[in-house]
Amino acid sequence: MMLFALSQSLLFLTTSVVVAAVSSQRCRSQPGDASFPTSDQLAALNSSIDGRLINVVPSAKFCMTLPGGCTDTEWQSGIFRDNVPGAMLQVNWEQDYDSNPPSLCFRNSTNCGQGNVPIFGVNASTAAQIQAGVRFAQAHNLKIAIKASGHDYLGRSTAKNSILMWTRNFQNITFHDSFQVGQKIMGSAVTVGSGVGMQTLYMAAKAQGKIFSGARANTVVLAGGYVQGAGHAPLAPTLGLAADNALEFQIVIANGSLVTANEASNPDLFWALRGGGAGSWGVIISATFRVFPTFDAVVYTTTITVNSTEDVRTLSTLHAQHIFDMDPLHPGQYYSWVATLPTFTGVSETHFPNTSIEAVNATLAPYLNAASELGFHFDTVSITRSLVNDILIGLTPDDPGGVELTRGSRLLSDDVYRQNATAIGVAYKMLLDGGVSVISECLVAGGQVSRNANISSAVTPKWRTAKTHVSIDLLWSESTTPDEVEAIREDMTHNKVPILAALAGPGSGSYSNEADVREPDFQTTFFGPNFARLSEIKKKYDHEELFIVGAGVGSENWDSDGLCRVGK
């Protein structure tokens, strides 16, 4: 795949773009500012990092450089987008709908704007190159964006008028029989670079007879934003969250230093990196996680088509009433509804570790029989038992991308299911009636996640009392106008998410990696009582707030683009 080396067009951009005056010290340097790097300064950076400075363009503009453009398969492929520096999994994050005029770039565009895509980037192959890029950004007051894969539902892996730190080349994987932190032996572990996707790591772990707590999606990077947000997993009820299993990080912080963060070295930063939010602490080079002996698992999948949201209400209430039936087997489950209008499609995929097909059938029988008695019949039912690595590898060949969507979410506690199961069905009906495209209910808490409440980390305590993580999506198309997009985003923030918040109850929490970037009180919703300490750690390691992302620690001091400070 062709990447753009530093070009004359990029050098021209640094001196020719005229933008609104933002040269105040309260703002990051932008094209047109006297403080923005000159062509000579950019060339010097490029030389210092072995020619690894690249042009970064929106995915649609990148496709225009390919013979015949991108195929539909490529455009919709998360793996393809992972390997394009300016591409995000959801293409809406590449767009600047809010500028006047908007700066957009779609496949059918005749004129492509740069949008919210970085202008240039460090296509790093070494930590030293990331260090040089961070120091350059600090010296020239530049906005930084960090991309591992672009699998990011809040748009934090891209940023307008920024310099990109791209880590996809950090593909190292090293297994340890006995990993040591200070004088403490931590047991079996794996050190993984911040470019390694899940499928690659599941295959490598299989070869070692190991498994770990990781995501269901292929283009999620274990040592990226995933763990910094907590990292839910199909095996979380058995093994805990990804953050619960993190042992050490190698990270480039705001002053350009490469530091180790673990229980013995920079323990406060180690605390923050486990649940304190993606993109706020520096550029992770690698991280080390516990691994476990692998095992067989049973995956049970059903699909069903229903004709009305009333049917969705009935089945979702029934599902909520029977969710505790599965507790003895500690499964992870993905239960979703998709608006395939005029019908609605329900999909349930449940992962049962270390058990038999007979035990799974017996466990699910009460729910399935009750659904049958109500007149519901599943379109498909499949059940297989295999090595858990193989199951997860088979489920994640690629991730769908190239769409426009906004997501909101809440964590639902045990108490909601025990005391108010009926309200869950009512809420789902209300959301689908209101135009929500997808509802995803992920049984990725309880069990070991709850038992890990004694772990000292920045993971919000709401995870420790949660039963499920529920997210909702609103989608639109390339032809949707910026005003219409804004209406959709406002609808999510002010109408749809409040339905989930009311269901979750006062002081509700959310998984910060799959949520609404416009969450009004993100400090409480994402971080809870940990936010004050996170702010102090931010001041210690990044007092100039070089690493600012939407709804991240410190972002309350900046505008929505993270380019200019607000308030005093």
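Two strands count as paired here if DSSP finds at least two bridges between them. Helices (H or I, at least four residues) and strands (E, at least two) are DSSP runs, numbered from the N terminus. This is a predicted model, where local features need pLDDT of at least 70, side-chain atom pairs count only at pLDDT 80 or more, and totals for chains, interfaces and linings use all residues. Residues are numbered from 1 along each chain as its sequence is written, and side-chain values use heavy atoms, with hydrogens and water left out.

**View A. Strand 1 meets strand 2.** The two run antiparallel, with 3 bridges joining strand 1 to residues 120-123 of strand 2. Look for Ile54: its bridge partner in strand 2 is Gly121.

**View B. Four strands make an open sheet.** Their order is 1-2-4-3, and the pairing is mixed. Strand 1 (53-55) and strand 3 (143-147) sit at the edges with a single partner strand each, so one side of each has no neighbour in the sheet. On average, neighbouring strands are turned by 30 degrees against each other, direction ignored.

**View C. A helix lies across the sheet.** Helix 6 (residues 127-139) lies across strand 2, strand 3 and strand 4 (162-166), running at about 165 degrees to strand 4. Such angles run from 0 to 180 degrees between N-to-C directions, using lines fitted to C-alpha atoms, for helices over the stretch in contact (heavy atoms within 4.5 Å).

**View D. Stepping back to the chain.** The chain holds 19 helices and 18 strands. Its C-alpha trace spans about 75 × 60 × 50 Å along the principal axes. Of its 568 residues, 60% are buried (under 20% relative accessible area, 1.4 Å probe, protein chains only).

Technical notes:
Buried < 20%, exposed > 50% of the residue type's maximum accessible area, 1.4 Å probe, protein only.
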